[in-house]
Amino acid sequence: QFHMIKYEDLTSVKSLGQGSFTRIFKGCKTDIRDGEKHLTEVLLKELDVAHKNCWESFFEAASLMSQISHKHLLHVYGISVHGVKNIMVQEFVKYGALDLYLKRGRSVSVSWKLDVAKQLASALNFLEEKNIVHGNICAKNLLLAREGDPSQGSSPFVKLSDPGISVAMLGKDVILDRIPWVAPEVLEFPDNLTLECDKWSFGATVWEIFNNGNAPLRGWVLERKRRFYESFQQLPPSQWTELADLISQCMDYQAAFRPSCRSIIRQLNSLITSDYVILHATEPVTQ
Ligand SMILES: Nc1cnc(-c2cc(N)nc3[nH]ccc23)cn1
């Protein structure tokens, strides 16, 4: 169920860092179409040789993204296996991960943030309709394809990246470290990821977007993170109560009480039309 890409058709241009058990490179893919040579900018995700045993989960994550296509889902061109190397070839998204973009101190407007949240909600709605669980929704996995320029009236455009190796494969400490993005029930049943888990993570991701990309519970040790769930705590609420309400609805410890994607989109639409947006065109950077 995958397009196999010949290793010799790939060149890696520069290293861009690491993911969970992976190394990331900016690269190029050459293919010949109707007798012409085409170069495509790609993102190469190479699975660490040490974690070669995770290759099924690594490719399972990618195949999830290549079975379906949606404007807010990252496009995966295929995979390349060369000796011990397992490489996922995906579209290169110009501005990279949203959390790093926001941390770089870009002051973006409230409507910019709501627009991004709505695009993520529509990607989630699409996955929900296909009954597909992503399993790793977070601002790091939200890629910025277009910055949006308020003076030109153009809006941002984001794409949800692949979930990477499933959290069930990654072990207990990685699951604990993913608090508060990982739904509480996943700590007990890591093999049973549900659509509701993605709703919880959506709530944590919206919290990140409205906190300039700062990670919630940043720097907390695993034991403290675990107690955060054991005592049913919530993230610090936004002073915008309607937004705080949406986030806490998504981050309901009872999975069945979390809102449907349609309800999430409806609530985001009413936030977009609320006068809070006009009053807070670009929030002063409060750090
Ligand atoms: N599918 C993807 C994923 N990440 C990027 C990306 C873009 C960028 N400007 N800096 C980066 N630094 C690390 C990754 C990355 C691009 N495409």
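## Briefing: sheet, helices, cysteines and backbone oddities

G83 has a relative accessibility of 64%, so it counts as exposed. That value, like the others here, comes from a predicted model. G83 belongs to the loop between β4 and β5, two strands of an open, antiparallel sheet of 5 strands. Elsewhere, a helix packs on that sheet, α3 and α7 make contact with each other, and a search of the whole structure turns up 0 disulfides.

**The sheet**

- Going across the open sheet, the strand order is β1-β2-β3-β5-β4, with antiparallel pairing.
- The two edges are β1 (10-19) and β4 (76-82), each of which has a pairing partner on one side only.
- From one strand to the next, the twist averages 30 degrees.
- As general background, strands of a sheet pair through backbone hydrogen bonds, and the pairing can be parallel or antiparallel.
- Another general point to keep in mind when looking at the sheet is that side chains in a regular strand alternate between its two faces.

**β2, β3 and the turn between them**

- β2 (residues 22-33) and β3 (residues 36-47) are antiparallel partners, with 12 bridges between them.
- Two landmarks help with the register: T22 sits opposite L47 of β3, and C28 has E41 of β3 as its bridge partner.
- The two strands make a hairpin with 2 residues between them.
- D34 is in that loop between β2 and β3, and its phi is positive, near 35 degrees, even though the residue is not a glycine.
- With a relative accessible area of 71%, D34 passes the 50% cut-off and therefore counts as exposed.

**β5 and the loop leading to it**

- On to the next pairing: β3 and β5 run antiparallel and are joined by 6 bridges.
- One place to check that register is K45, whose bridge partner in β5 is M88.
- What lies between β4 and β5? A loop, and G83 has its place there.
- Y7 and G83 are 76 residues apart along the chain, yet their C-alpha atoms are separated by 9.9 Å.

**A helix on the sheet**

- α1 (residues 55-67) packs on the sheet and touches β2, β3, β4 and β5 (85-91).
- The direction of α1 makes an angle of about 20 degrees with that of β5.

**α3 and its partner α7**

- α3 (residues 110-129) is 20 residues in length, and its first and last C-alpha atoms are 28 Å apart, close to the 28 Å expected at 1.5 Å a residue.
- Of the 20 residues in α3, 14 are buried, so this helix is largely enclosed by the rest of the structure.
- N131 follows α3 and has a positive phi, near 55 degrees.
- How do α3 and α7 (residues 195-209) run relative to each other? Their axes come within 11 Å and cross at roughly 170 degrees, over the 145 degrees that serves as the cut-off, and they are therefore roughly antiparallel.
- On the α3 side, the contact is made by K113, V116, A117, L120, A121, L124, L127 and E128.
- On the α7 side, the contact residues are L195, D198, K199, F202, T205, V206 and I209.

**Cysteines**

- The whole-structure search finds 0 disulfides.
- C250 is in no disulfide, and its nearest cysteine sulfur is that of C261, 8.7 Å away.
- Why is there no bond to C261? The closest cysteine sulfur to that of C261 is in C250, and a separation of 8.7 Å is too far for a bond; the cut-off for a disulfide is 2.5 Å.
- Buried or exposed? C250 has 0% relative accessibility and counts as buried, and C261, with a relative accessible area of 3%, is buried too.

**Other backbone spots to look at**

- The peptide bond joining I179 and P180 is cis, with omega about 10 degrees.
- P180 is placed in the loop between α5 (172-177) and α6 (184-188).
- F232 is another residue other than glycine with a positive phi, here near 50 degrees.
- You'll find F232 in the loop between α8 (222-230) and α9 (241-250).
- The relative accessible area of F232 is 58%, so the residue is exposed.

Note on methods: Residues numbered from 1 in each chain as written. Predicted model: local features only at pLDDT ≥ 70, side-chain atom pairs only at ≥ 80, totals over all residues. Heavy atoms only, no water. Buried < 20%, exposed > 50% of the residue type's maximum accessible area, 1.4 Å probe, protein only. Pairing = 2+ DSSP bridges. Helix = DSSP H or I, 4+ residues; strand = E, 2+ residues; numbered from the N terminus. Axes fitted to C-alpha atoms, helices over the stretch in contact; angles between N-to-C directions. Contact = heavy atoms within 4.5 Å. Expected span 1.5 Å × (residues − 1). Parallel < 35°, antiparallel > 145°, perpendicular 65-115°, else oblique.
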